[in-house]
Amino acid sequence: MNALGYATFAAGITLAPVDAGGAEPSREMALADERAVIRIADAIDRAVDAQDWKLTRSYFADRVTADFSSLSGQPAANIASDDLIGTWAANLRGSKTSLHLRTNHQVTIDSDAATVSSNGYAWNRMEGYGDPLWEVWGTYEHHLTRSADGWKVDGFTFRMTHERGNPWVKTTPGQ
């Protein structure tokens, strides 16, 4: 075998999948899944801030276990995703704007289930009664399940660590 033959052979060995039998997911598939679930968590923020409720809803399974107890005082509940999105749409509309940011994503994938944990910051802004800004910091946890339609959020938790600003902006729906 000449030098080119050895180089071609070595490259083929290096690029070959570790488990050609399919028992373990490939590293590329694991990275693609990780990127997909992070993309969904981030895309929910963009869709909410754009008040695009149809797009927001598309990222969720039919039911979601939602836990905003640290923010609202209400216990976690398993509800129809349409109800969750409807609540957001009723509050964040028209004259009320929002900005949601997240960072430091940590992903755990176990077969067809995934969890994305991240740090988050959000603000709501609305004129009408004093300071027009309310801000909140905390951690998010999205639980997703893989379906025939791709990854869908079926669990959503926000744990507030700090808030400041006008509580009227937080609790008053936009007009």
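A residue counts as buried when its relative accessible area is under 20%, and as exposed when that area is over 50%. The structure in these views is a predicted model.

**View 1. Phe 60 and Phe 156 form an aromatic pair.** The whole structure holds nine aromatic pairs. In one of them, the ring centres of Phe 60 and Phe 156 are 6.3 Å apart and the planes meet at 45°, so this pair is tilted. Phe 60 belongs to strand E1 (residues 60-67) and Phe 156 to strand E6 (residues 150-165), so the contact ties together parts that are 96 residues apart in sequence. Phe 60 has 3% relative accessibility and therefore counts as buried. Phe 156, with a relative accessible area of 4%, is buried too.

**View 2. Tyr 129 and Trp 168 form a tilted pair.** Here the ring centres lie 5.7 Å apart, with the planes at 45°. Tyr 129 sits in the loop between strand E4 (113-125) and strand E5 (133-147), while Trp 168 is in helix H6 (residues 167-171), so the pair ties together parts that are 39 residues apart in sequence. Tyr 129 counts as exposed because its relative accessibility is 55%. Trp 168 is partly exposed, at a relative accessible area of 23%.

**View 3. Ring pairs link six residues into a cluster: Phe 60, Phe 68, Trp 88, Tyr 140, Phe 156 and Phe 158.** The pair of View 1, Phe 60 and Phe 156, is part of this cluster. At Tyr 140, Arg 102 lies over the face of the ring, 4.1 Å from the ring centre.

**View 4. The largest pocket encloses about 760 Å³ of space.** Its lining is made up of 29 residues, and Phe 68, Leu 71, Thr 87, Trp 88 and Asn 91 lie nearest the centre. Two of these, Phe 68 and Trp 88, also appear in the cluster of View 3. Helix H5 (residues 81-91) supplies four residues, the largest share of the lining. By residue class, the lining has 18 nonpolar, eight polar and three charged members.

**View 5. Helix H2 covers residues 27-49.** At 1.5 Å a residue, its 23 residues should span 33 Å, and the end C-alpha atoms are 33 Å apart, so the expected span and the model agree. Buried residues of H2 include Asp 33, Val 37, Ile 38, Ile 40 and Ala 41. Further along, Asp 42, Ala 43, Ile 44, Asp 45, Ala 47 and Val 48 are buried as well. Just after the helix, Gln 51 takes a positive phi of about 55°.

How values were computed: Residues numbered from 1 in each chain as written. Predicted model: local features only at pLDDT ≥ 70, side-chain atom pairs only at ≥ 80, totals over all residues. Heavy atoms only, no water. 1 Å grid on protein atoms, 1.4 Å probe; cavity = no way out; pocket = protein on both sides within 12 Å on 5 of 7 lines; lining within 4 Å. Points joined across faces, edges and corners; volume = space filled by probe spheres on them. Helix = DSSP H or I, 4+ residues; strand = E, 2+ residues; numbered from the N terminus. Nonpolar A, V, L, I, M, F, W, Y, C, P; charged D, E, K, R; others polar. Expected span 1.5 Å × (residues − 1). Buried < 20%, exposed > 50% of the residue type's maximum accessible area, 1.4 Å probe, protein only. Phe/Tyr/Trp six-rings, centres within 6.5 Å; stacked < 30°, edge-to-face > 60°. Lys NZ or Arg CZ within 6 Å of the ring centre and 35° of its normal.
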